[in-house]
Amino acid sequence: MMNSLKFLLTSQLKCSQLAQKNGGFTLIEVLVAMILAALVIGPLLGFMVNILESDRREQAKAASEQEIKAALDYISQDLSQAVYVYDAAGLNNLSTAATPGIRDQIPPTKAVGNCNSITTCKPVLVFWKRKLLTSAEVGTHTGGNDAFVYSLVGYYLINDAGVNGTWSKTSRIGRFEIKDGIRSPNTAGTARVEGTSTVYYKQVPDKGFQLFDLSIPGDLSTKMNQWKQHPEGYDVAKITNHPISSVLIDYVDQTAIPNGATCPAGLAPTLPTTPGFYACVDASKGFAQVNIRGNALARIQNTPLPTWSAGSVYFPSASIQVQGRGFLYTK
């Protein structure tokens, strides 16, 4: 009996030692396993990175599309109240006797804030509109009632390569507006010299505002193209929404595309090189087509700055056509 037990214990011990000698992986087995893991996991990681990158691009594209739509909706509502819209001729570089225009009467030629260079701050869509002032805005000046005044509105394409550190290196759209005041029926109120007359106001106009003169000979475009700002000049500190401080949308494509305009027949774009924001205007009909092209890739890549390429879905564009509902009566 003891011999049998001794034999069993000895056999078990030998088997245990043999198992210990044969346990674990050899170096070759470990290397093979690592190579197989790399062959499987590597492509999976690359696939996941591509999915995440595609998702970032799609999110940037969707954000650009949404912002363009919101900007066009805002411009459309604003422009629908227009009584006169300046066309490409009315927004020439400087007014001359041969080609009258108002560009030398508005920013940037008449500098306001940082909008002081025609190379970085270009007027694209400028119009006169009839603006509603609520009773809260006019206070007791109208007996607690709402009032309508005229205002001059400008939308600008601003491209300063993000030097102020707030905006992107692409272009953006800024808004400019100056409005009339509430006139007094008598000599009560604040006096303001306009031309050869003194006008009294219950609520004074924004500095630089001066109403257009419809008594000038010629058609409506001739009259409106001869508008001059008030001699007192613009007040940078108090002016309503001057272009740099009031930005409608950022990440507008900065790429200039010659001959890339999509204007209705017979109309010229207000910016001939057709960057990411331009308008096509028929001043005689108060009609405007506004075009915006975004740069979604710039949201995820700043260096080098992405530029437009034909067929790319990451430069979404949209346009609207608006007919101003107001009008100006001229004899």
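This is a dialogue on reading salt bridges, cores, a sheet and a surface patch in a predicted model.

Student: Let's start with charges. How many salt bridges does the model have?

Tutor: The general idea is to look for a side-chain nitrogen of Lys or Arg within 4 Å of a carboxyl oxygen of Asp or Glu. By this rule the count is 13 salt bridges.

Student: Could we take one inside a helix? Which residue does Lys61 meet in a salt bridge?

Tutor: Its partner is Glu65, with an N to O distance of 2.9 Å. The two residues are about one helical turn apart, because they are four residues from each other in helix 2.

Student: And is Lys61 buried or exposed?

Tutor: Lys61 is buried, as its relative accessible area is 17% and buried means under 20%. Glu65, at 37%, is partly exposed.

Student: Which residue forms a salt bridge with Glu177?

Tutor: That is Lys131, at 3.4 Å from N to O. This pair links distant parts of the chain: Glu177 belongs to strand 4 (residues 171-179) and Lys131 to strand 2 (residues 121-133), 46 residues apart. Glu177 is buried at 2% relative accessibility, and Lys131 is buried too, at 17%.

Student: Which residues make up the network of salt bridges around that pair?

Tutor: Asp78, Lys129, Lys131, Arg175 and Glu177 are linked in it. Elsewhere, Arg192 forms a salt bridge with Glu194, with the closest N and O atoms 2.8 Å apart, and both of these residues are buried.

Student: Now the nonpolar interior. Which residues touch the most other members of the largest core?

Tutor: A core here is a set of buried nonpolar residues joined through side-chain atoms. The largest has 27 residues, and Leu79, Leu125 and Phe277 touch the most other members. Elements giving two or more residues to this core include helix 2, strand 1 (82-85), strand 2 and strand 3 (147-158). Leaving aside residues up to four places away in sequence, Leu79 touches Val85, Leu125, Phe127, Ala288, Val290, Val322 and Gly324. There is also a second, separate core of 22 residues, which includes Ile106, Leu152, Phe209 and Trp227.

Student: Let's turn to sheets. In what order do the three strands of the open sheet lie?

Tutor: Strands of a sheet pair through backbone hydrogen bonds, either parallel or antiparallel. Here the order is 5-7-6, and the pairing is antiparallel. Strand 5 (182-183) and strand 6 (190-194) stand at the edges with a single partner strand each, so one side of each has no neighbour in the sheet. Strand 5 pairs with strand 7 (residues 197-203) over two bridges, and Ile182 has Gln203 in strand 7 as its bridge partner.

Student: What about the backbone: what is the phi of Tyr251?

Tutor: Most residues other than glycine have a negative phi. Tyr251 has a positive phi of about 60°, although it is not a glycine. Tyr251 lies in strand 8 and is partly exposed, at 23% relative accessibility.

Student: Finally, the surface. Which residues form the nonpolar patch?

Tutor: The patch is formed by Ile28, Val32, Ile35, Leu36, Leu39, Val40, Ile41, Leu44 and Leu45, with about 910 Å² of accessible area together. One of them, Val40, is found in helix 2 (residues 27-79). Val40 counts as exposed because its relative accessibility is 52% and exposed means over 50%.

Technical notes. Residues are numbered from 1 along each chain as its sequence is written. This is a predicted model: local features need pLDDT of at least 70, side-chain atom pairs count only at pLDDT 80 or more; totals for chains, interfaces and linings use all residues. Side-chain values use heavy atoms; hydrogens and water are left out. Patches are made of residues with over 30% relative accessible area and no salt bridge: like charges are joined within 9 Å, nonpolar side chains (Val, Leu, Ile, Met, Phe, Trp, Tyr) within 5 Å. Accessible areas come from the Shrake-Rupley method with a 1.4 Å probe; for residues, only the protein chains shown count as cover. Buried means under 20% relative accessible area, exposed over 50%, partly exposed in between (1.4 Å probe, protein chains only). A nonpolar core is a set of buried Ala, Val, Leu, Ile, Met, Phe, Trp, Tyr and Cys residues joined through side-chain atoms within 4.5 Å. Contact means heavy atoms within 4.5 Å. Two strands pair if DSSP finds at least two bridges between them.
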